[in-house]
Number of protein chains: 2
Amino acid sequence: MTRTRLTAAERGEQLTGAAVQAFAVSGYAGTSTDDVARLAGVSQPYVIRLFGSKQRLFIAAVEHAATRIEQVFRDAAERSADLETLGEAYDELLAERDLLALLLHGFAASSDPVIGSAVRTCFGRIYRLVRELTGVDATEARDFLATGMLLTVLTSMQVLGPGAVPPEPWMAEIADSFEDPCAEPEPGGQPG
Amino acid sequence: MTRTRLTAAERGEQLTGAAVQAFAVSGYAGTSTDDVARLAGVSQPYVIRLFGSKQRLFIAAVEHAATRIEQVFRDAAERSADLETLGEAYDELLAERDLLALLLHGFAASSDPVIGSAVRTCFGRIYRLVRELTGVDATEARDFLATGMLLTVLTSMQVLGPGAVPPEPWMAEIADSFEDPCAEPEPGGQPG
DNA sequence: TTGACATGTTATCAGTCGATAACTACTTTG
DNA sequence: CAAAGTAGTTATCGACTGATAACATGTCAA
């Protein structure tokens, strides 16, 4: 079986996807470039040659995830440009677990100045996009993203989502609080 | 200069503190047991002998941080048992940056089943405590913790807090939204 | 066809890390 | 004082990692 040959650009895209998957599980320091290489079916040194360093590979993955998140929000806003619809879009993002998990690992890896800078830029773009798409003020956008962060963290902790552990009472309580529409304190706002 | 000799219990506590500091910066995979050892002024093998493994050291640090967070909330509730007061307590937690940063790294490291289990238990305890101290319902407690998660993430990203980078416009906008009391959508609720 | 370029691989290395083992030194107790 | 327990060290190992260099293989234009 001969290896399928791709252009450098194509291979780069494929590797970025593999990097999103791999880094989403174990984070920057916990994932080896060989993990990414195996996932994509190429050798580890080739990954380094294409991206220059592990750091640049990670940043490429974070930016890819952020771009995808923005796209999901944009698509949702095309249906209806309010926070409630964007909140529904969050369900799609939670289904693609990798995106938010990777972003969380990016936040955590922000003590590295280069990674931190890239991650802040991505987060800032998402915040701005939410405000522009829906026209809400800073406080509403902040509360929207706050709930999003909690959902992201709960998913990473495997309290919510596909890979969730058997729920303890407090987990079920929180999960229910997201699904009960009557419990919303203000009409049309929170993701979930 | 002779090394100060401590009992195993004392040294263990000191090492747990050092572990909180060290793991808060670079996370589980990104921090070596030698980093923790140097911070405490002992040799690396001794750290392993006292805690058995790096994993157990990390879990000890996470549980220590969670316990401290609970204590801050309890102290605040003794002044006044409502969410607003607990929100003020959050400022103390943000000042002790390590605690929340470490917890965030714990969330991110939850793909390890042993760590994940410990982290979920800690989070569940904090959630329960917030509800018990204030008597709020699940939705209010969830929104409180959601804002807390956003604050934690923003601090880790160095958007807020002592080590923050020079603020870009969107950062100032979010920071302001926390300080403006008039912008609160519902009276007395969010941390910050 | 041939040669230049692009796509990949294997071999290898220097550094790091968690963990074990064996040894040392201090303290307490009888 | 001696012996036993406690606190801590140095030496060392095997595994892993990111990165470099050299080599191989496939593709396409002249």
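1. A polar contact is a pair of N or O atoms within 3.5 Å. Keep that in mind as you look at this predicted model. In A:Arg5, a polar side-chain atom sits 3.0 Å from a sugar or linking oxygen of DNA strand C.

2. Two further contacts reach the phosphates. An N or O atom in the side chain of A:Arg11 is 3.0 Å from a phosphate oxygen of DNA strand C. With B:Thr33, a polar backbone atom is 2.8 Å from a phosphate oxygen of that strand.

3. Which residues come nearest to DNA strand C? Of the 22 around the strand, they are A:Ala8, A:Ser43, A:Arg49, B:Thr33 and B:Lys54. On the DNA side, sugar and phosphate make up 63% of the strand C atoms that come within 4 Å of the protein.

4. Now try sorting the protein surface near DNA strand C by class: seven residues are nonpolar, eight polar and seven charged. H3(B) gives the largest share, four residues.

5. Next, let us turn to the two protein chains. Their contact takes 41 residues from chain A and 42 from chain B. About 3900 Å² is buried between them, with carbon and sulfur atoms giving 66% of that area. On the chain B side, B:Arg120, B:Arg142 and B:Met157 lose the most area to chain A, together 19% of what that side buries.

6. How many salt bridges does the rule find across the interface of chain B and chain A? There are four. One pair in a salt bridge is B:Glu173 and A:Arg128, whose side chains meet at 3.0 Å, N to O. For polar contacts, the count between the chains is 16 residue pairs.

Terms used. Residues numbered from 1 in each chain as written. Chains lettered and ligands numbered in written order. Predicted model: local features only at pLDDT ≥ 70, side-chain atom pairs only at ≥ 80, totals over all residues. Heavy atoms only, no water. Near = heavy atom within 4 Å. Polar contact = N/O pair within 3.5 Å; in protein donor to acceptor, adjacent residues only side chain to side chain. Helix = DSSP H or I, 4+ residues; strand = E, 2+ residues; numbered from the N terminus. Nonpolar A, V, L, I, M, F, W, Y, C, P; charged D, E, K, R; others polar. Contact = heavy atoms within 4.5 Å. Buried area = accessible area lost by both parts, 1.4 Å probe.
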